[in-house]
Amino acid sequence: MKIIQWFTKNLEKIIYNNNFFFRLYSIPYKKVVKKEIQLGKITKEDTILNVGCGAIPYTAIYIAEITGAKVFAMDKDKKAVVAANKLIDRLNLSNNIEFLTGDAAKDVPKKIDKAIVALQVEPKEDVLYRLLDTKASAVIMRAPRKELKNLYGTLPSSIKPISGVKHKMLTFDRSVLYKKDSSVMATYQK
């Protein structure tokens with residue numbers, strides 16, 4: 001695991017239990033998630049998969065709070081999922097958010113409408129294609145700043161995003177929208 005991912009993962013596990021620090025930590029992400037909601041046209045009727053939710057699942061929380069959509073929040077780290085679940089219970093959002101432990105490159109729920117993938121999730125190309133192999137109409141992925149692509153990996157080059165939005169975050173500067181393309185999916189499956 002790369003040092004920045006290790007640091008973020010462990011920082012989140014430390015502060016998830018404090019509402020003040022949780023809200024402080026997640027402030028910059030509210031604007032990001034609002035832009036992603038608009039980009040993906042997420043509504044209350046959608047079922048969303050948030051891949052790489054971590055111990056502080058701010059993306060899942062803001063989607064649930066802003067849109068009222070049902071959110072599945074997924075992470076490979078079982079301890080992060082347990083911590084995130086406790087945080088959601090404390091915030092009384094358990095009716096809108098359900099947690100899954102798993103690897104989105106291998107297995108995702110088939111009954112999702114849209115997905116948002118966290119910056120640190122890898123391998124990005126496998127995750128993207130696995131998500132596009134569901135009934136999801138849109139997949140949004142966060143793209144690292146150019147100078148940080150060695151830490152976070154690059155977005156898949158085999159399929160072009162439909163559109164995107166820019167952000168002023170330290171680690172990522174945009175979120176891009178992918179939609180299923182049958183010719184690209186056929187190429188990937190060979």
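In what order do the seven strands form an open sheet? In this predicted model, the order is 3-2-1-4-5-7-6, and the pairing is mixed. Strand 3 and strand 6 (163-166) are the edge strands, each pairing on one side only. From one strand to the next, the twist averages 20 degrees.

**Strand pairing**

The table lists three of the pairings, with a pair of opposed residues for each.

| Strands | Sense | Bridges | Opposed residues |
|---|---|---|---|
| Strand 2 and strand 3 | parallel | five bridges | Met 74 and Leu 100 |
| Strand 4 and strand 5 | parallel | four bridges | Ile 116 and Ile 140 |
| Strand 5 and strand 7 | antiparallel | six bridges | Arg 142 and Ser 175 |

Strand 5 thus appears in two of these rows: with strand 4 it pairs in the parallel sense, and with strand 7 it runs antiparallel. Strand 4, helix 5 (residues 124-132) and strand 5 make up a β-α-β unit, which is right-handed.

**Strand 5**

Strand 5 is largely enclosed by the rest of the structure, because seven of its seven residues are buried. Ala 138, Ile 140, Arg 142 and Pro 144 point one way from the strand, while Val 139, Met 141 and Ala 143 point the other way. Both sets are buried, Arg 142 included.

**Helix 3**

Helix 3 lies across strand 1 (47-51), strand 2, strand 3, strand 4 (114-117) and strand 5. Relative to strand 2, the helix runs at about 180 degrees. The helix is mostly covered, with eight of its ten residues buried. These are Tyr 58, Thr 59, Ala 60, Ile 61, Tyr 62, Ile 63, Ala 64 and Thr 67. After the helix comes Gly 68, which has a positive phi, near 80 degrees.

**Nonpolar cores**

In soluble globular proteins, nonpolar side chains tend to be buried together. Here the largest nonpolar core has 38 residues, and the members that touch the most others are Ile 42, Ile 56, Ile 61, Ile 63, Val 71, Ile 97 and Phe 99. Two or more residues each come from helix 2 (19-40), helix 3 (58-67), strand 2 (70-75), helix 4 (78-90), strand 3 (97-101), strand 5 (138-144) and strand 7 (172-178). The most is given by helix 2, with seven residues.

Beyond four places in sequence, Ile 42 touches Glu 36, Ile 37, Ile 48, Ile 63, Thr 67, Ala 69, Lys 114 and Ile 116. Of these neighbours, Ile 63 and Thr 67 are among the buried residues of helix 3, and Ile 116 stands opposite Ile 140 of strand 5. A second core, separate from the one above, has 25 residues, including Val 108, Ile 112, Met 141 and Val 176. Met 141 lies on strand 5, where it points the same way as Val 139 and Ala 143.

**Asp 75**

Is Asp 75 buried or exposed? Its relative accessible area is 13%, under the 20% cut-off, so Asp 75 counts as buried. Asp 75 is placed in strand 2. Its side chain reaches the backbone nitrogen of Gly 54 at 2.8 Å. Leaving out residues up to four places away in sequence, Asp 75 touches Gly 52, Cys 53, Gly 54, Ala 80, Val 81, Leu 100, Thr 101 and Gly 102. Leu 100, one of these contacts, is also the residue of strand 3 that stands opposite Met 74.

Terms used
Residues are numbered from 1 along each chain as its sequence is written. This is a predicted model: local features need pLDDT of at least 70, side-chain atom pairs count only at pLDDT 80 or more; totals for chains, interfaces and linings use all residues. Side-chain values use heavy atoms; hydrogens and water are left out. A nonpolar core is a set of buried Ala, Val, Leu, Ile, Met, Phe, Trp, Tyr and Cys residues joined through side-chain atoms within 4.5 Å. Buried means under 20% relative accessible area, exposed over 50%, partly exposed in between (1.4 Å probe, protein chains only). Contact means heavy atoms within 4.5 Å. A polar contact is a pair of N or O atoms within 3.5 Å; within protein, one must be able to donate a hydrogen and the other to accept it, and residues adjacent in sequence count only if both atoms are side-chain atoms. Two strands pair if DSSP finds at least two bridges between them. Axes are lines fitted to C-alpha atoms, for helices over the stretch in contact, and angles run from 0 to 180 degrees between N-to-C directions. A crossover is right-handed if, with the strands pointing away from the viewer, the path from the first strand over the helix to the second runs clockwise.
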